[in-house]
Amino acid sequence: MDLSNTIIDIQDITYRYEKENALENINLQVPKGAFLGIVGPNGSGKSTLLKLILGLLKVQKGNIRLFGQDISRFKDWDKIGFVSQKANSFNTGFPATVQEVVASGLTKKIGLFKRKTKEHHHKINQAIDSVGMTAFAKQNIGELSGGQQQRVFIARALVSEPSLLILDEPTVGVDAKNVQSFYQMLDDLNKKRGITLLLVTHDIGTITDKVTHVACLNKHLHFHGNTHEFEELRGKEVTDFYGYDVHVLNHNHDHEHEYGGSVL
Ligand code: ADP
Ligand code: MG
């Protein structure tokens with residue numbers, strides 16, 4: 001494999017919290033420009049893997065290289081944007097506008113009380129535009145729907161212009177009818193803006209026409225390949241992995257609990 005094009009290189013990672021391993025012998029490479037969907041049942045180690053990549057958990061066994069550099073020496077965290085699982089939990093009435101929330105993504109760069117330059121304002125507006133939220137820029141974040149709030153958090157992650165964006169189950173809290181357009185927005189970020197995306201999701205049936213690669217995780221990496229290979233694998237093996245056929249996966253989030261309660 002051509003490693004010069006690899007922006008995440010996970011080498012034989014095993015991670016243990018207390019008594020039990022959450023991840024075992026994970027090997028995974030993410031090439032520049034990829035849109036990787038990571039799927040797996042609840043408790044399968046998806047968030048743990050993301051936290052290791054983000055340096056929020058320390059590597060115990062194995063190694064991770066980011067942008068060609070050992071994670072222990074990696075300093076360029078601005079290159080990586082992250083939207084966590086529980087980002088969209090603002091109460092109505094939270095006193096910050098969309099612009100202010102997105103601007104907070106630049107705080108590290110410009111300091112809390114320093115004046116924003118024209119260029120900063122431009123970056124903020126551009127990030128808001130890239131998630132389709134321009135019409136809501138002056139609105140309070142608390143007044144928006146879950147899906148709209150999630151777009152704002154993505155804009156906040158994008159404002160420092162990362163080349164890699166990592167999302168942990170971003171459609172939790174997004175209305176079923178808005179999930180497709182949400183994924184279309186991610187697809188645009190990937191294909192039009194060239195941002196490499198790493199997406200943990202339950203919506204495997206919905207994303208196969210968007211993602212370029214799929215990884216199936218359940219402590220071990222059960223499958224990793226491009227979307228075409230994944231489509232071929234559908235049927236028996238995937239049924240074994242999930243406990244039922246992904247074709248019957250209901251895209252309505254009201255049914256998400258069924259997924260969590262599946263065989264694995
Ligand atoms: P997923 O994101 O796929 O639902 P997680 O990575 O959150 O899975 O969790 C993987 C396993 O590690 C689960 O068994 C979970 O209970 C365990 N785990 C996660 N976080 C902790 C923690 N902070 N301390 C102990 N065990 C944890
Ligand atoms: Mg998780």
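In this predicted model, Phe74 has a relative accessible area of 6% and is therefore buried (buried means under 20% relative accessible area, exposed over 50%, and partly exposed in between, with a 1.4 Å probe and protein chains only). Phe67, at 23%, is partly exposed. The rings of Phe67 and Phe74 form a stacked aromatic pair, with 5.9 Å from centre to centre and 10 degrees between the planes. For such pairs, the rings of Phe, Tyr and Trp (its six-membered ring) must have their centres within 6.5 Å; planes under 30 degrees apart count as stacked, over 60 as edge-to-face, and the rest as tilted. Trp77 joins Phe67 and Phe74 in a cluster linked by ring pairs. Lys79 adds a charge to this picture, since its charged end sits over the ring of Phe67 at 4.7 Å from the centre. The criterion here is that NZ of Lys or CZ of Arg is within 6 Å of the ring centre and within 35 degrees of the ring normal.

The model is a predicted one, in which local features need pLDDT of at least 70 and side-chain atom pairs count only at pLDDT 80 or more, while totals for chains, interfaces and linings use all residues. Residues are numbered from 1 along each chain as its sequence is written, chains are lettered from A and ligands numbered from 1 in the order in which they are written, and side-chain values use heavy atoms, with hydrogens and water left out.

The count of aromatic pairs comes to five. In the pair of Tyr15 and Tyr17, the ring centres are 5.1 Å apart and the planes lie at 80 degrees, so this pair is edge-to-face. The two tyrosines also fall into separate accessibility classes: Tyr15 counts as buried at 8%, whereas Tyr17 is partly exposed at 46%.

Both tyrosines lead on to Thr48. This residue lies in helix H1, residues 46-53 (helices, H or I of at least four residues, and strands, E of at least two, are DSSP runs numbered from the N terminus). Thr48 counts as buried, with 7% relative accessibility. Leaving aside residues up to four places away in sequence, Thr48 touches Tyr15, Tyr17, Ala22, Leu23 and Leu57, where contact means heavy atoms within 4.5 Å.

Thr48 is also one of the residues surrounding ligand 1, together with Tyr17, Ala22, Pro41, Asn42, Gly43, Ser44, Gly45, Lys46 and Ser47; a residue is included if one of its heavy atoms lies within 4 Å of the molecule. A polar side-chain atom of Thr48 lies 2.5 Å from an oxygen atom of ligand 1. Backbone N or O atoms take part too, with one from Gly43 at 2.8 Å from a ligand oxygen and one from Ser44 at 3.1 Å. A polar contact is a pair of N or O atoms within 3.5 Å; within protein, one must be able to donate a hydrogen and the other to accept it, and residues adjacent in sequence count only if both atoms are side-chain atoms.

Attention now turns to helix H5. Its 13 residues, 146-158, should span 18 Å at 1.5 Å a residue, and the end C-alpha atoms are indeed 18 Å apart; the expected span is 1.5 Å times one less than the number of residues. Ten of the 13 residues are buried, so H5 is largely enclosed by the rest of the structure. Among these buried residues are Gly147, Val152, Phe153, Ile154 and Leu158. Their cover includes strands E6 (80-83) and E7 (164-168), as well as helices H2 (98-103), H4 (118-130) and H6 (176-191).

The loop between E7 and H6 holds Glu169. Although not a glycine, Glu169 has a positive phi of about 45 degrees, and at 7% relative accessibility this residue counts as buried. Most residues other than glycine have a negative phi. Lys219 likewise has a positive phi, near 70 degrees. Lys219 is placed in the loop between strands E9 (213-218) and E10 (220-226) and is partly exposed at 24%.

Within helix H6 is Lys191, whose side chain reaches the backbone oxygen of Lys210 at 3.4 Å. The C-alpha atoms of Lys191 and Ala34 are separated by 9.2 Å, with their positions 157 residues apart along the chain. Thr206, in helix H7 (residues 204-207), is buried at 5%, and 8.6 Å separates its C-alpha atom from that of Val179, 27 residues apart along the chain.
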